[in-house]
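Student: I've got a chain to look at and I'm not sure where to start. Can we go through it together?

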Amino acid sequence: MPINSFLYPAPSTPSFAYEVANSLRLDEPSNSGLTKTPSGAGNRRTFTLSTWVKRSKITNETGDVQTMFESRESNNDNCALTFQTDDTLSIKLKVSGTNKSLITNRVFRDVSAWYHIVCAVDTTQSTDSNRVKIYVNGVQETSFGTEDYPSQDAQTSFNNSVGHGIGKRSDTTSQNFDGYLTEVVMIDGSALAPTSFGEFDSDTPNVWKPIDISGLTFGTNGFYLDFEDSSALGNDVSGNNNDYSVSNLSAVDQSTDTCTNNFATLNSLFATQDSGVISKGNTIYTASANAWGGSGSTIGLSQGKWYFEAQINDNAGGHFFGVIDETANVNNNPHQRTGSTFYYSGSGGQMYKDGSGSGSYGTFGASDIAGVALNLDDDEITIYKNGSAIVTDFALSTTKNTLFVWVMGYNSGSDLVKVNFGGTPPFSISSGNSDANGYGNFEYSVPSGYYSINTKNLAEYG
């Protein structure tokens, strides 16, 4: 499992016999998520929770617990699988007013990676440590800061006919998850091992990958959410029709950023030290008042030809978009640094290279979309405005190690740069264009020979 929050070019990627097509983007400030109250009780002693998850914000940014699964009795006997405020992973089973919890010592702070989390519960077991098990990427967690198991045969609120939440609590607007979920499953009546949901890659044995789970027995209240129907994101495809209701979600929250093809996003841990905000699955950057701020991408690039889009909200204080070398100082004004190449979308529309601006290529107004074509084989960048090239084959910085996409803005907290890497467009797409491999969703045509920034393309061209 990655230990940092960047993906660098790699010589190979595991092959996926089973491809996951879609995920669900959840935005913590929007109180988005899924809820349901089952019509009757299932097995409240034995069940399994499974989900693949890609975090967008760690909890020192949201300031609160982040919920993946939750259920709640009227007396507040609640159960929840969450990331805690220190980014540990927790399963809480509150029964008869008493909290029983497992909380890992390990923290989970990688916003570039997909994690697979399985929690298997069987309170009928005579040995307490067999009653609740947590697995991450196929490996059981055994080191806990808190290790308090429920009593034998304890009945939880999971699978009872009470409010259940996915990505949020069922009873409040707080403790929402921020990021992406896919392959969300609850098995009613069985405590399953992670091998029911995934396997280690035969050629890359430290890589855990999903398998087809459609043949599992899901049980009375069990469900399988694959998010492939953008008009019904809570659709249960297990055969049980245990559909969930959507809260503050729409078709634009369906994403092709998944655990089998991981797209670049902005990186909340790779940003200037101001109070700017990254939102909507790490695709939008908002500068803080009267300060420069910006963020880089989760995926670094060293060769190949790559494409992304950026939509400008306004030019009150100016916006920059481009690339920055991994060694550059990103604080204050990164466009002034050696190792950077940026387009300035404000007055004049200059190109900046290694801190010096030149040319006058025109400005971007509200809702204009910039297309950025990075040719790292010839060290050039081309900028498009609403589909037409305005800067052609501009030479990149003379310092070029691994490059990261970087966007930034200034002034009054209103400056937005929305970055579309193709996996989860943060603005409305009226046309729909993919690269030659069929990846990505862009407003304008991807230039011939250029590709969206994701792990499948990275393995082939990066």
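Here is a chat that goes from the whole chain to a few of its parts.

Tutor: Two notes before we begin. This is a predicted model, where local features need pLDDT of at least 70, side-chain atom pairs count only at pLDDT 80 or more, and totals for chains, interfaces and linings use all residues. Residues are numbered from 1 along each chain as its sequence is written, and side-chain values use heavy atoms, with hydrogens and water left out.

Student: How many helices and strands does the chain have?

Tutor: We go by DSSP runs numbered from the N terminus: helices are H or I with at least four residues, strands are E with at least two. On that basis, the chain has two helices and 32 strands.

Student: Why does the chain count as being as compact as a globular protein of that length?

Tutor: We take the radius of gyration over C-alpha atoms, and the globule rule is 2.2 Å times the number of residues to the power 0.38. For 462 residues the rule gives 23 Å, and the chain is as compact as a globular protein of that length because its own radius of gyration is close to that, at 23 Å.

Student: What percentage of the residues count as buried?

Tutor: Buried means under 20% relative accessible area, exposed over 50%, and partly exposed in between, using a 1.4 Å probe and protein chains only. Of the 462 residues in the chain, the buried share is 57%.

Student: Which strands pair with β12 in the antiparallel sense?

Tutor: Two strands pair if DSSP finds at least two bridges between them. Strand β2 (residues 33–36) runs antiparallel to β12 and is joined to it by three bridges, with K36 partnering H164. Strand β4 (residues 66–72) also pairs with β12 in the antiparallel sense, over four bridges, and there E70 partners G165. So the names to note are β2 and β4.

Student: In β12, which residues point the other way from G163 and G165?

Tutor: Strand β12 covers residues 163–166, and all of them are buried. G163 and G165 point one way, and the other way go H164 and I166.

Student: Is I284 buried or exposed?

Tutor: I284 lies in strand β21 (residues 284–286). Leaving out residues up to four places away in sequence, I284 touches several others, including L266, V277 and L416; a contact means heavy atoms within 4.5 Å. Its relative accessibility is 9%, so I284 counts as buried.

Student: What distance separates the C-alpha atoms of I284 and E199?

Tutor: Along the chain, I284 and E199 are 85 residues apart. In space, their C-alpha atoms are separated by 34 Å.
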